[in-house]
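Good morning, colleagues. Please look at the sequence and the structure on the screen, and I shall then take you through one part of the fold.

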Amino acid sequence: QVQVAESGGGLVQPGGSLRLSCAASGNIFSINAMGWYRQAPGKQRELVAAITSGGKTNYADSVKGRFTISRDNVKNTGNLQMNSLKPEDTAVYYCNADTIVGGSLRYLQVWGQGTLVTVSS
C-alpha cells in the first residue's frame, strides 16, 4: 500500500558531499516522522537523522554539523544532505517513514530498499 524509495547514493571522496533523496508513494494519509538510518558491514543499523512533520530534527552525534535532513510534506519526500563525508560514513542508507494509511488510518512503518554510500579515495 505504501512504498518508500531512496536514491542518490554512490562513491565519493573523503571531504565530498552527497544528497540522498527519499520518496514515499501509495495510499498515504500523512507521514509523521521520516528518518534516515544506516548500516555498515558487520554493524547494527543506526539512526542518522530524523525529522517530524513539524520540522523538528534529531541527529546522531557522529553527523551533527555535517548532515542536514529536510522534507516536503506535500510531496511526501525527504532529503539528506551529507557534507564533509568521512570513510566511516560508508554504509547502506535507508529511509524510513512512519505513515498513516489512507482510508483505514492505521499506522504503518515503511522502509526503503537502501542506497549504498561509499566514501573512499
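**A5 and its sheet**

I begin with A5, which, apart from its neighbours within four places in sequence, is in contact with S21, C22 and A23. Please bear in mind that this is a predicted model.

A5 lies in strand β1. Its C-alpha atom is separated from that of A23 by 5.4 Å, although the two residues are 18 apart along the chain. Is A5 buried or exposed? With a relative accessibility of 44%, A5 counts as partly exposed, because that class lies between 20% and 50%.

Let me now turn to the sheet. It is open, is built from 4 strands with antiparallel pairing, and follows the order β1-β3-β8-β7. At its edges are β1, residues 2-7, and β7, residues 67-72, each of which pairs on one side only. On average, and with direction ignored, neighbouring strands in this sheet are turned by 15 degrees against each other.

Strand β3 covers residues 18-26 and pairs with β8 in the antiparallel sense over 6 bridges. One of the residues that A5 contacts, C22, has G78 as its bridge partner in β8.

On to the other side of the pairing with β7. Strand β8, residues 77-82, runs antiparallel to β7, and 6 bridges join the two. Among the bridge partners in β8 are L80 for I69 and T77 for D72.

What lies between β7 and β8? The two strands form a hairpin with 4 residues between them. In that turn, N76 has a positive phi of about 60 degrees.

Thank you for your attention.

Note on methods: Residues numbered from 1 in each chain as written. Predicted model: local features only at pLDDT ≥ 70, side-chain atom pairs only at ≥ 80, totals over all residues. Heavy atoms only, no water. Pairing = 2+ DSSP bridges. Axes fitted to C-alpha atoms, helices over the stretch in contact; angles between N-to-C directions. Buried < 20%, exposed > 50% of the residue type's maximum accessible area, 1.4 Å probe, protein only. Contact = heavy atoms within 4.5 Å.
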